[in-house]
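The exercises below are to be worked with the sequence and the model open side by side. Try each task before reading its solution.

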Amino acid sequence: MGRLLELMLNGRPRTDAVADNLLLLDYLREIVGLTGTKTGCDGGECGACTVLVDDRPRLSCLTLAATLQGRRVDTIESLARDGRLSAVQRGFHEKLGSQCGYCTPGFIMASAGLLRRNPSPNENEIRAALGSNICRCTGYVKIIEAVKYAAELHAAGASP
Amino acid sequence: MNETVPARNIGSYVPMIDGPEKVSGRAKYTADLIAPGMLAGRIYRSPYSHAEILEVDIAEALRLPGVKAIVTGADCDRTFGVLPIARSEHPLARDKVRYRGEPVAAVAAIDDATAKRAIGLIRLKVRELPAYYTAQAALVPAACNIHAHRPGNVERDVLFELGSVEQGFGDADLVREASYNCAEVCQNQMEMHAAVADYDRERARMTVHASTQVPYYVHLMLAQILDMDMSRIRVVKPHVGGGFGCRTETLNVELIAALLAKRAGGCVRMMINREETFITHRGRPETDIRLKLGLRRDGRITAVECECYQRGGAHSGYGIVTILYAGSMLYAIYDLHNVKYIGKRVLTNTPPCGAFRGHGTVDIRFAFESLLDQMAHELELDPIAVRRANYLTAPTFTDNDLMVNSYGLPECVDWVERASGWKARKGRLGNAKGLGFACSHYISGASKPVNWTGEPHATVKIKLDFDGSIVVLSGAADIGQGSTTILAQTVGEVLGLDLARIRVLTGDSEVVPKDNGSYSSRVTFMVGNAAIEAAHHLRRVLVEAAARKLEAKPEEIECLGEIYRAGAQDKGLTFNEVVTEALRDTGTITVTGNYSTIPQSHGGKKYRGAAIGGTMGYSYSAQVVEVRVDEDTGVVSVDKVWVAHDCGKALNRLTVEGQVQGSVWMGMGQAMSEETAYHDGLLITGNMLDYRVPTIEDSPPIEVGIVESNDPHGPFGAKEAGEGSLAAFLPALTNAIADAIGVRFNDLPVTPDRVFAAVEKRRRAHNGRSRAA
């Protein structure tokens, strides 16, 4: 079975016919073509597919697209504004919070979600917010630095 | 007026030049290459560990509407493998299956759901054979041979004795022997394996995009497996989500995708899942080590005897090299003379092992640094003083003929001793807290390539055209370590140009020069040197053009990057003016830089395989780990790590720090929680919850000290930075636990279960003694 899904995707209204069992992850990657959201595991283990649904981090691999009727979904592709990186993107780039880059969209979306609800998190709050994302390259040290730096940029006026 | 000066590009903190793509979601990885009409590939895998194949029945699957191609072992009788002397693996099993999960057949269909249904219709008939899941079981004389050409299931026996261990142990004041077991671990890089193979039947050409560390090997193996001329094959490496060694070898994933694409006459996207990525494996083998050391009262090591068994899995893979590294790399860190090594690489009915970060050196280093710590304790010597008593003096050659030109280990040791407050804090933290220390080292590229063709080890080309942009062409595979950035930095440094002028093109065999790939930490050293040579050639061309235009001699020309001038009073020419002049006679300029290792670095001939371990430069690392042990739960927390790494010269301090922190942390995973476990050959840890990778909440601050020993052959003095710091974490952790609670762990990983059991055992023994008293 399927239905017409209407949602706000990266700030634009969008309508698609989707099967009831279609995962949000597959909707984004295979139907819309937004491949910035990554698949890193067989379901709910790694956080690479994290997106924001109404500003809250959500694993798109455990979410049915059809449940998002009328909701606001933001992916990694939505963050840059007018060709400039957002605060979190800049943090991950400049502080080397990203090496191979594969977990990066998930980490960045989880971090953006954190800064949207808590603009100046301490280190423990950063660790807690990113506790369900796995990175295999960095050892997380520079990811923490990246989020701290992003919070500073955000405080200075940059969008998260 | 601001004086123009050449841009400086090395030695500072430089974000990766491909970072903006990665943080914006624009970076394309293999699975992201979605095209209309492409087929979905899936693999049917053996449910048996060891069996003779009687029949693979695909008739019903072929009848399923939407199925476009099915291939089985019957379609390819050719073998592949990373070592030319051990290519014994079929992309799809023929005659026998040798591990649970080995590919037997594969389907290409119009969509994934159809491919999945077709897989369910394939029938495999077999005659089961006895299966062996440990090295010991496979070595039993009555065991049947997993491969006919490897009698007794021994992939490789290694034996050497350099000096006399009998005499060495005779000279010792203390001789101790211990056994160690390190569980098998897997790279578990974030990107699951993927390949997109596109066969053009009209022109008989194959294009393969693959998540690989060595596109060149993929190219060679595709030609071999597909029986196609290499000129008809194009291999592209898109962005790659990590590798850590498992993608050094060509994997069955890309070969099967290509077989399907050729059969279907179309484009096949093969994306295997996390469990299949674990099964494809190529991780670090389970290793059993018996180590015996002789020590004098002054801390000098008098003899080393080491016996090492590796459970290699069902195919040869890198096995011969891994078991040789484990022996050869006993050397080149301390001044050792009487050394005996017995190594056995064993074939078993488990997924094939491969080259994992720190290839061959990690488990041996764990044993060595553990026993050294234990013996230092027994002799009441400071573990750091014991290391100091055994330093090498560079330049030197080791007893097994390894060339050591730069040796920053003493500075690494001094740095961590100072930074951690070792002298004041060691043994005095109390409350089940402790400090542990250890050292490690690694090569900067294997001095002999796997495929010896006589070509240079690395070739880099630079193109300069009317637009004045510098285009660096290299086959070096950036897998997240930052090699593309290093290439831009080295070229920019020689030419004095800002990175904004420099573009780096990599990863497409149609365009870039061949490269031996990203393994054994070779890229910065070898490709970096080739890039420097190419940049010097280009600079010479530009200086000569400027000299012509300015009517001066080339040696009078001063290159300031954006300005070329003939003396300080001269207003000079802009870079674009020099380019225009340089292009007048030849048009588009291309220059080439090459690099080859020197014969003295190729290792010796004192035993069979003694070339393994030879390199142009060894990196060195020292670590102090601070732990807290909860004796009621067995949970060990790492509170802090201090690590110093001798990388010769940090071309990019940001990426050096990132590589060193990542290495230390990966060592932590192996030491504390990671293990691939099997039940009768069935992988039972094939996901990221059961294969327990440390999360951000488990992971400590890691403070990095960079030591620069300026290697005489390194690019601007640089050596490797991405592997050498992994190994020291493991023994530094167990040494710290011994310091904290007085219990020594010789088996990895040190899980809370093991700690709890050991603490309980000690408690009971203690209570028993109390009662007896």
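**Exercise 1.** Does Asp401(B) count as buried or exposed, and why?

*Solution.* The model is a predicted one.
Step 1: take the cut-off, which asks for 20 or more other C-beta atoms within 10 Å for a buried residue.
Step 2: Asp401(B) has 20 C-beta neighbours inside 10 Å, so it counts as buried.
Step 3: place the residue in the chain; Asp401(B) sits in the loop between β16 and β17 (403-404) of chain B.
Step 4: check the backbone; the phi of Asp401(B) is positive, about 70°, although the residue is not a glycine.

**Exercise 2.** Asn10(A) also has a positive phi although it is not a glycine. Where does Asn10(A) lie, and why does it count as partly exposed?

*Solution.* Step 1: the phi of Asn10(A) is about 50°.
Step 2: Asn10(A) belongs to the loop between β1 and β2 of chain A.
Step 3: Asn10(A) counts as partly exposed because it has 17 C-beta neighbours inside 10 Å.
Step 4: look at the strands on either side of this loop; β1(A) (residues 2-9) and β2(A) are antiparallel and paired over eight bridges.
Step 5: in this pairing Leu9(A) stands opposite Arg12(A) of β2(A).

**Exercise 3.** Give the strand order of the open sheet of five strands in chain A, and name its edge strands.

*Solution.* Step 1: the order is β2-β1-β5-β3-β4, and the pairing is mixed.
Step 2: β2 (12-19) and β4 (56-59) of chain A each pair on one side only, which makes them the edge strands.
Step 3: from one strand to the next the twist averages 40°.
Step 4: α3(A) lies across β3 (50-53) and β4 of chain A, at about 30° to β3(A).

**Exercise 4.** Describe the side of chain A that touches chain B.

*Solution.* Step 1: the contact involves 42 residues of chain A and 44 residues of chain B.
Step 2: at least two residues on the chain A side come from each of α2 (87-94), α3 (104-117) and α5 (141-155).
Step 3: α2(A) gives the largest share, four residues.
Step 4: by type, the chain A side has 19 nonpolar, 15 polar and eight charged residues.

**Exercise 5.** Is chain B as compact as a globular protein of its length, and how is it divided into domains?

*Solution.* Step 1: chain B has 19 helices and 31 strands.
Step 2: its radius of gyration, 27 Å, is close to the 28 Å of the globule rule for 773 residues, so chain B is as compact as a globular protein of that length.
Step 3: of these 773 residues, 60% are buried.
Step 4: the domains are domain 1 (19-26 + 449-596), domain 2 (35-129 + 190-242 + 247-280) and domain 3 (286-448 + 602-762).
Step 5: the centres of domain 2 and domain 3 of chain B are 36 Å apart, and their contact takes 19 residues from domain 2 and 22 residues from domain 3.

**Exercise 6.** How many bridges join β18(B) to β26(B)?

*Solution.* Step 1: the two strands run antiparallel and are joined by 11 bridges.
Step 2: one of the facing pairs is Tyr442(B) with Ser619(B) of β26(B).
Step 3: β18(B) (residues 433-443) is mostly covered, with 10 of its 11 residues buried.

**Exercise 7.** Which loop holds the cis proline Pro395(B)?

*Solution.* Step 1: the bond from Ala394(B) to Pro395(B) is cis, with omega near 0°.
Step 2: Pro395(B) is in the loop between α11 (383-388) and β16 (396-397) of chain B.

Methods
Residues numbered from 1 in each chain as written. Chains lettered and ligands numbered in written order. Predicted model: local features only at pLDDT ≥ 70, side-chain atom pairs only at ≥ 80, totals over all residues. Buried ≥ 20, exposed ≤ 12 C-beta atoms within 10 Å, placed from the backbone. Pairing = 2+ DSSP bridges. Rg over C-alpha atoms; globule rule 2.2 N^0.38 Å. Contact = placed C-beta atoms within 7 Å. Nonpolar A, V, L, I, M, F, W, Y, C, P; charged D, E, K, R; others polar. Axes fitted to C-alpha atoms, helices over the stretch in contact; angles between N-to-C directions. Domains from an automatic or database assignment.
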